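Visitor: I am new to this structure and would like a close look at a single part. Could you pick a residue, start from its contacts, and lead me outward from there?

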Amino acid sequence: MQWERIVNKLQFDLTTYCNASCGGCVRNQDGGPVQPWLKMSHFDVDVWNRMFSEDTRGWAIAELVLNGSWGDAMMHPKIEQMMETFTQYHPESRISIATNGSIRSTDFWSRFAKVMNWSRGHMMQWAVDGLADTHSLYRRGTDFNKIIDNIQAFNNAGGQSKMIVTLFDYNVHQITQLEQLAKDTGCTNFELRWSHNPHMIFRHDDNPYEVAMSKEIAEYQKQFPSHRNHDNARDSDQYDLMFDKQAQHNTKCPWYNNNMVQITPWATVIPCCHIGSIYHNKKAGILTDAESWPHITSTNNLHDHSLGEILSNRWFNQILPDSLDDGGWSICKKQCGVS
C-alpha cells in the first residue's frame, strides 16, 4: 500500500459541535446530553489553510467530503472562509457537504451557495426525515420550517442540493410529498435510505419513545431531469483525464481502493470514518493494540506533520497493511468484512 501516491479524496469531520441530538449519533446519550468524554473542538483553521496552500500544492484533489461523525460541519464558525480557501487552491475538486440544515440564516446560505459555485462541482446534502409533524422525531432539536427556508435560499442563489430521507416507520407515508418538496425547493437530487440503526429508544427525558427503521420502501436515488446539473461549466474532459484513469486497487481496505482518507476534528489522519469513531470513542475501548494506537494522535497529526509526511509514515505503510494482512482489527472485520 502506498497511501501518499494514491490519495486524491479527503473526508473531513470538521467539528464536534452540533445543534441536533439525533438518537443514532455517537456524540450523545440516547438523543440527549453530549457524551461527557467527548472533547468539544473545531478543526484548526491555520492547519486547514496550510494543508491546501502548502501540503497539497500540486496535488489534484478529486473530491472533498465534509461528513460528520461527531458534529455538523456547518457549525464550524469559519466554514465560509475555509471553503473560500479550499476553492481558491483546489478549483478542480468536487465538494460534498452533509448537514441537518437547521443552522444559520437564509442570508448565510445565499452567500454560501456563491462560495460553493467556485468549485468544480458541489452537492449540499440535507437530511429531511419527514414533514413538519415527523421530521424532528429523530432529528431532535432541529426546526423543519427553518431547514426548508435554508434549502430554498441556497438553491435560489445557485446552489446544488440533494434531499436525503432516512426511512422510519413514521415517515414512509410521506415519501411522495417529500419528493415533491425537494422539487419545489429546487433540489437536483432526492434520496431514500435506511437507518444504520434499526431501533432506537430515547430514554433521557420524561417521555421516552422508540423510533424504528422501515424497509417498506427500497433505498433509491433520483435526479430531477428538469433541474440544472450539479457540475459547473468546467472542462469535463480535463477532469476525466485527471481522475477517471486512476489505477485500480484491489486491497482489503475499501477506502484505500477509493483513494480516500478521513481527517478528524482533532486533525488526526486515519484511513476511514469507522476507525475514527472507534478510536476516539472512550466507551467502545476496542482498539487497544499496544503498538498501533497509543501514538496515532501524534504520528498522524497535522499540527506536527504535513499530510504527505503522514501518508508516507510507518503507521500507514507498515502497521496498517500488516494488520489488514493478518485479518484486520475488529472494526475492519465488522464494518468492511476484512478477514
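Guide: Happy to! Please keep in mind that this is a predicted model. Let us begin at His90, whose side chain makes a polar contact with the side chain of Glu92, at 2.7 Å. You will find His90 in the loop between helix H3 (79-89) and strand S3 (94-99). Although it sits in a loop, His90 is buried: its relative accessible area is 2%, and the cut-off for buried is under 20%. Leaving aside residues up to four places away in sequence, His90 touches Phe52, Thr56, Trp59 and Ile61.

One of those partners takes us to the next stop. Phe52 is among the buried residues of H2, a helix that spans 45-55. The others on that list are Val47, Trp48, Met51, Ser53 and Asp55. What do the buried residues of H2 pack against? Their partners are S1, strand S2 (63-66), H3, strand S10 (260-263) and helix H11 (307-311). H3 also borders the loop that holds His90.

Now look at the start of H2, where a side-chain oxygen of Asp44 reaches to within 2.8 Å of the backbone nitrogen of Asp46. Asp55, another of the buried residues of H2, forms a salt bridge with Arg50, and the closest N and O atoms of this pair are 2.8 Å apart. Are the two partners buried or partly exposed? Asp55 counts as buried because its relative accessible area is 14%, under the 20% cut-off. Arg50, with 21%, is partly exposed. In general, side chains of opposite charge can pair when their charged atoms come close.

If you follow the chain back from H2, you come to the loop between strand S1 (9-12) and H2, which is where Val34 lies. Val34 counts as partly exposed, because its relative accessibility is 32%. Together with Tyr17 and Met40, Val34 forms a nonpolar patch on the surface, and the three share about 210 Å² of accessible area.

The Asp55 pair has company elsewhere, since a search of the whole structure finds seven salt bridges. Another of them joins the side chains of Arg139 and Asp129, at 2.6 Å from N to O. Both residues lie in the loop between strand S4 (121-127) and helix H5 (144-156), so this pair ties together parts that are 10 residues apart in sequence. Arg139 and Asp129 are both buried.

A further salt bridge is the one between Glu191 and Lys162, whose closest N and O atoms are 3.1 Å apart. This pair links distant parts of the chain, with Glu191 in strand S6 (residues 189-194) and Lys162 in strand S5 (residues 161-167), 29 residues apart. Glu191 is buried, and Lys162 is buried too.

One last thing to look for is disulfides: how many does the structure hold? The number is zero. Cys273, for example, is in no disulfide, and the nearest cysteine sulfur, that of Cys272, is 5.9 Å away. A disulfide would need the two sulfur atoms within 2.5 Å. Cys273 is buried, with a relative accessible area of 18%, and Cys187 is buried as well, at 0%.

Definitions and conventions
Residues are numbered from 1 along each chain as its sequence is written. This is a predicted model: local features need pLDDT of at least 70, side-chain atom pairs count only at pLDDT 80 or more; totals for chains, interfaces and linings use all residues. Side-chain values use heavy atoms; hydrogens and water are left out. Patches are made of residues with over 30% relative accessible area and no salt bridge: like charges are joined within 9 Å, nonpolar side chains (Val, Leu, Ile, Met, Phe, Trp, Tyr) within 5 Å. Accessible areas come from the Shrake-Rupley method with a 1.4 Å probe; for residues, only the protein chains shown count as cover. A salt bridge is a side-chain nitrogen of Lys or Arg within 4 Å of a carboxyl oxygen of Asp or Glu. Helices (H or I, at least four residues) and strands (E, at least two) are DSSP runs, numbered from the N terminus. Buried means under 20% relative accessible area, exposed over 50%, partly exposed in between (1.4 Å probe, protein chains only). A polar contact is a pair of N or O atoms within 3.5 Å; within protein, one must be able to donate a hydrogen and the other to accept it, and residues adjacent in sequence count only if both atoms are side-chain atoms. Contact means heavy atoms within 4.5 Å.
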